[in-house]
Amino acid sequence: MSYPGLVADTVKFRGHNGDTGDAYYARPTGSGNVPGVVLIHHMPGWDEWITEATRKLAHHGFATIAPHLYFREGPGSPDDVGARVRAAGGVSDDQVVGDARGAAAYLRAQRHANGKVGVIGFCSGGRHAFLTAAKAANDFNALVDCWGGNVVVDDPKLLNAKRPVAPIDLANNIKCPILGLFGNDDENPNKDHVNRLEAVLKKLGKNYSFHRYDNAGHAFFNASRVAYRAEQAADGWAKVFDFFHKHLG
């Protein structure tokens, strides 16, 4: 299912602690109510590829919003803002979850919304999407984790005041179906991390489906990077669209 028309623009949304920030929003212009998707950006930030992915989801029938998780850090290019955020130790998990919940509320408030909202994230955003589905389980109807790093934590030193819990330890809280997409050449998450995460989800009886791609590493969806793998990305996107249509309507 795809639509020939869509509208896209930067909008204001109310995030964590009621803070007002920017988000990129795109929706199909076809008639009828449509499902929503919150897209959580990768560590580099709210960049061109994230806006492209937002429009791609809208083209396939989903009103999609990508909140700018770094808006509190002031103006600047995605590279500059992302560098400042990384230097400060990243953003807190609670802040990201609050922003994602605010973005979901924005989607549900639109007159064309069908009331269901999924969440998808890439790289650090995959971790954030998993965490959000666990900590805000009543707000989301489907979860897509695209190679989220540090969902499984080997080194306790990676946990701190901003990231106090490994997302895998909150997996039992997730109520919605889960789709995971991973490259077998990735180093974070590596194959062992994916195996361990799958074992936990299986033990907990979660509704999940994992797909692993040979000859693909981190960020293999991103056509602006040398890591891009066209065949694997096309298959992965098709699985994302099918998954969201099945569980969001």
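The following legends describe four close-up views of a predicted model.

**View 1. A cis peptide bond precedes Pro-189.** The bond in question runs from Asn-188 to Pro-189, and its omega angle is near 10°. Pro-189 lies in a loop, with strand β7 (178-183) on one side and helix α5 (191-204) on the other.

**View 2. Trp-147 adopts a positive phi angle.** Phi is about 45° here, although Trp-147 is not a glycine. The residue belongs to the loop that connects strand β6 (142-146) with β7. The relative accessibility of Trp-147 is 2%, and because buried means under 20%, Trp-147 counts as buried.

**View 3. Asn-150 also has a positive phi angle without being a glycine.** For Asn-150, phi is near 65°. Asn-150 is found in the loop between β6 and β7. Its relative accessible area is 29%; this value lies between the limits of 20% for buried and 50% for exposed, so Asn-150 is described as partly exposed.

**View 4. Gln-232 is a buried residue of helix α6.** The helix that holds Gln-232 spans residues 230-248. Gln-232 has 14% relative accessibility and therefore counts as buried. When residues up to four places away in sequence are left out, Gln-232 touches Tyr-213, Asp-214, Asn-215, Ala-216 and Phe-220.

How values were computed
Residues are numbered from 1 along each chain as its sequence is written. This is a predicted model: local features need pLDDT of at least 70, side-chain atom pairs count only at pLDDT 80 or more; totals for chains, interfaces and linings use all residues. Side-chain values use heavy atoms; hydrogens and water are left out. Helices (H or I, at least four residues) and strands (E, at least two) are DSSP runs, numbered from the N terminus. Buried means under 20% relative accessible area, exposed over 50%, partly exposed in between (1.4 Å probe, protein chains only). Contact means heavy atoms within 4.5 Å.
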